[in-house]
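Work through the exercises below with the sequence and the model open beside you, and try each task before reading its solution.

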Amino acid sequence: MDHYKVLGLPRSASKEEIKEAFRKLAVKLHPDKHSHSPKAVRESTTLRFKQVSEAYQVLIDDRKRADYNFQSSRSHNYNASTSNYGHGYGYSATNYGGKYRRASSGGSGASSAFENVLRYVTTRAFLLNLSVAGAFLGGMVVVNRGWDALWKMHNAEKSFEETMRSLERSKVRKEKP
């Protein structure tokens with residue numbers, strides 16, 4: 001399924017053109033409009049509505065659209081190993097409205113592994129976790145330096161090791177009487 005053909009648009013369509021084409025087709029094909037139609041008409045318009053919705057979701061998002069354009073221009077038969085429509089985006093006739101995900105394209109392992117790592121590393125969740133971990137580690141460094149400064153202030157420039165040795169010596173002296 002070519003998302004551009006579903007919406008009746010050229011590949012150079014702007015976001016405004018995509019929105020307008022989607023609105024027109026959504027009004028025309030919306031399932032509520034065909035609720036009293038025969039079952040075959042309802043099913044076909046519902047399927048077409050879902051295809052239009054999927055095409056809109058992919059083409060309106062810059063990142064998804066770039067990935068879709070890249071995948072469809074790279075190879076027109078990369079989806080030959082799967083029987084679902086949707087150009088490898090993991091949609092099938094029964095899987096509408098799912099999260100955007102690419103199905104395996106059968107490409108080289110290293111390239112797809114690199115793409116997967118790059119895709120994961122650029123997700124908001126990963127970047128948020130990375131920033132929290134960075135803040136936590138930075139806080140640990142600040143606290144550790146603070147403890148070192150306090151130790152030196154209260155222990156007359158003795159190191160921790162020197163203090164432990166002097167404590168051991170005092171324990172030994174108390175035990176010898």
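The exercises that follow deal with two helices and how they meet.

The model is predicted, so local features need pLDDT of at least 70 and side-chain atom pairs count only at pLDDT 80 or more, while totals for chains, interfaces and linings use all residues. Residues are numbered from 1 along each chain as its sequence is written, and side-chain values use heavy atoms, with hydrogens and water left out.

**Exercise 1.** Determine how the axes of α3 and α4 are oriented to each other.

Solution. Begin with the axes, lines fitted to C-alpha atoms over the stretch in contact, with angles from 0 to 180 degrees between N-to-C directions: those of α3 and α4 (residues 62-74) come within 5 Å and cross at roughly 100°. The two helices are therefore roughly perpendicular, a term for angles of 65 to 115 degrees. Next, list the residues in contact (heavy atoms within 4.5 Å): α3 contributes Gln-57, Val-58, Leu-59 and Ile-60, and α4 contributes Asp-62, Lys-64, Arg-65 and Tyr-68.

**Exercise 2.** Find where the buried residues of α4 lie around its axis.

Solution. First collect the buried residues (under 20% relative accessible area, 1.4 Å probe, protein chains only), which in α4 are Arg-65, Asp-67, Tyr-68, Gln-71 and Ser-72. Because they cover an arc of only 165° around the axis, they lie on the same side of α4, the arc being that of the directions from the helix axis to the C-beta atoms. Finally, turn to the face away from this buried side, which carries Asp-62, Arg-63 and Ser-73 as exposed residues (over 50%).

Technical notes
Helix = DSSP H or I, 4+ residues; strand = E, 2+ residues; numbered from the N terminus. Parallel < 35°, antiparallel > 145°, perpendicular 65-115°, else oblique.
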